[in-house]
Amino acid sequence: MQFSEFGLDARLLRAVEELSYTTPTPIQAEAIPAALSGRDVIAAAMTGSGKTAAFLLPVLHRILQAPKLGTRLLVLTPTRELCVQIHEACTALGRHAGISCAPIYGGVGMGPQETAIQRGVTVLVATPGRLLDHLSRPYGHPDRIDFLVVDEADRMLDMGFLPDVRKVLARLPKKRQTLFFSATLPPEVRGLSKEILTDAVAINVERKALPATGVSQAAFAVHGGAKNALLVALLNSNDVGSVIVFTRTKARCNRLADFLEAQGIPNVRIHGNRTQGQRSSAMADFKAAKVRVLCATDVVARGIDISALDHVVNYDVPHVPGDYIHRVGRTARAEAVGEALTFVSPEEEAELRAIEKAIGRKIERRPLPAFDFTPKPKRPAEPRKVDERALAQQRAARAGKKGSPEVTTWGRSDGGRHR
Ligand code: AMP
């Protein structure tokens, strides 16, 4: 299948070519014809599947077929980072067709966004809260919108945005085409989709949204107190290039980033307490390969689009299987290969099993590499109890898989030293 077979506007096809998209991804192959036919669509698709072009291309085509003044497409998305990425994709895809687009998100001034809304840019990509702020002002009349995209609806739910989404929907014209995307479809999300879609084409919804096929997934059983040392050992091995390390909380993200800094490993961090400026500069440094490690929490990390990423480390096991799928989706984007490594403490075993159930397969357990538990200690060594447990795990792992290639690949030759 080729992009030229969809019958898309030539100006859009030119942009597709310039972006070097050769073949449509599976979600594009299904969603583009469905949306071009004018029908509503519900699709289970995650970041990395090519879903942004899957909704933008058909809608931009339909807008070009029947041009009118004013804002025609509204894309609702949960995070600022996704908002920026979708805006970038829209600008790139619409560049030869004179499509104007503006991102609307919180944490920055209202002024330039107000100007864009008043100017009637063709496409608004917005987070729900900030959009509602604008809609409460006299200029906020979204009455020309013919197309609505709800992106990452499950993440909207997780972040508590569904009430805001409903308030926005109440302000939109009823006669419109709606495309609804979500990685997972929990009952609340299905409920919302039923309220807002009419006779929708369903894509992938009976199948589970699984991590991309190119991702290999593995887990290390490691005591919580030894996770830092394991991470340093992996980073010191030559196999790990750029890596995003996910932690469960902002505090853990800060502690880990500070620890890595103290070990002489340059890194950046993004989480909900960082300002927009800090997040943007962290992303820029990571994308420009100025630092190798990005420490992140889930809330802001969803939707990060970094093409050369080959490793994701789940420093903590995510509580929700959907978060695992999304985190792992950071690697192996659009058919590249990647590796997702999960650190599992004894307390987190049950959560890992829930994830295995959700993705319908076992995650390979790797023996711990031999590593030094006290890399350049800044403070006194970890409590003895912790070291002993971790050492016992190491021994057990080595006994279970003697001569395993991972030990030499990941580990350091001074392995298992224990002070
Ligand atoms: P998305 O799932 O929309 O976040 O897209 C994931 C990444 O894949 C982005 O970097 C896109 O630019 C890229 N991409 C989307 N469609 C294609 C395609 N057909 N071929 C190659 N890359 C693509």
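**Reading the ligand shell and the buried core**

User: Which residue has a polar side-chain atom 2.6 Å from an oxygen atom of the ligand?

Analyst: That residue is Thr 52, whose polar side-chain atom lies 2.6 Å from an oxygen atom of the ligand. Please keep in mind throughout that this is a predicted model. An N or O pair is read as a polar contact when the two atoms are within 3.5 Å. Two further distances can be read in this way: an N or O atom in the side chain of Gln 28 is 2.8 Å from a nitrogen atom of the ligand, and a backbone N or O atom of Gly 50 lies 2.7 Å from an oxygen atom of the ligand. The ligand on its own has 490 Å² of accessible area, and the protein covers 82% of it.

User: How many residues surround the ligand, and where does the ligand lie with respect to domain 1 and domain 2?

Analyst: The ligand is surrounded by 16 residues, and the closest of these are Tyr 21, Gln 28, Gly 48, Gly 50 and Thr 52. Sorted by class, the shell holds five nonpolar, eight polar and three charged residues. As for its place, the ligand lies between domain 1 (3-203) and domain 2 (215-365), because both of them give residues to the shell.

User: What should I look for in an aromatic pair, and how many are there?

Analyst: Look at the distance between the ring centres and at the angle between the planes, since an angle over 60 degrees makes a pair edge-to-face. The count here comes to five aromatic pairs. One of them joins Phe 55 and Phe 181, which sit edge-to-face at 5.4 Å centre to centre, with 65° between the planes. Because Phe 55 belongs to helix H3 (residues 51-65) and Phe 181 to strand S6 (residues 177-182), this pair ties together parts that are 126 residues apart in sequence. Phe 55 is buried, at 0% relative accessibility, and Phe 181 is buried as well, at 1%.

Another edge-to-face pair is formed by Phe 220 and Phe 343, with 6.3 Å centre to centre and 75° between the planes. It links distant parts of the chain, 123 residues apart, with Phe 220 in strand S8 (residues 215-221) and Phe 343 in strand S13 (residues 338-344). Phe 220 counts as buried at 0% relative accessibility, and Phe 343 is buried, also with 0%. In addition, ring pairs link Phe 3, Phe 6 and Tyr 21 into a cluster, and Tyr 21 is also among the residues closest to the ligand.

User: How many of the 10 residues of helix H10 are buried?

Analyst: A residue is called buried when its relative accessible area is under 20%. Nine of the 10 residues of helix H10 (residues 227-236) are buried, so the helix is largely enclosed by the rest of the structure. Among them are Lys 227 and Asn 228, together with Leu 230, Leu 231 and Val 232.

User: Are Ser 345 and His 134 buried or exposed?

Analyst: Ser 345, which is placed in the loop between S13 and helix H15 (349-359), is buried with a relative accessible area of 4%. Its side chain is joined to that of Glu 347 by a polar contact of 2.9 Å. His 134, found in helix H6 (residues 128-135), counts as buried at 1% relative accessibility. In sequence His 134 and Glu 114 are 20 residues apart, while in space their C-alpha atoms are 7.2 Å apart.

Notes: Residues numbered from 1 in each chain as written. Predicted model: local features only at pLDDT ≥ 70, side-chain atom pairs only at ≥ 80, totals over all residues. Heavy atoms only, no water. Near = heavy atom within 4 Å. Polar contact = N/O pair within 3.5 Å; in protein donor to acceptor, adjacent residues only side chain to side chain. Areas by Shrake-Rupley, 256 points an atom, 1.4 Å probe, with all protein chains shown as cover. Nonpolar A, V, L, I, M, F, W, Y, C, P; charged D, E, K, R; others polar. Domains from an automatic or database assignment. Phe/Tyr/Trp six-rings, centres within 6.5 Å; stacked < 30°, edge-to-face > 60°. Helix = DSSP H or I, 4+ residues; strand = E, 2+ residues; numbered from the N terminus. Buried < 20%, exposed > 50% of the residue type's maximum accessible area, 1.4 Å probe, protein only.
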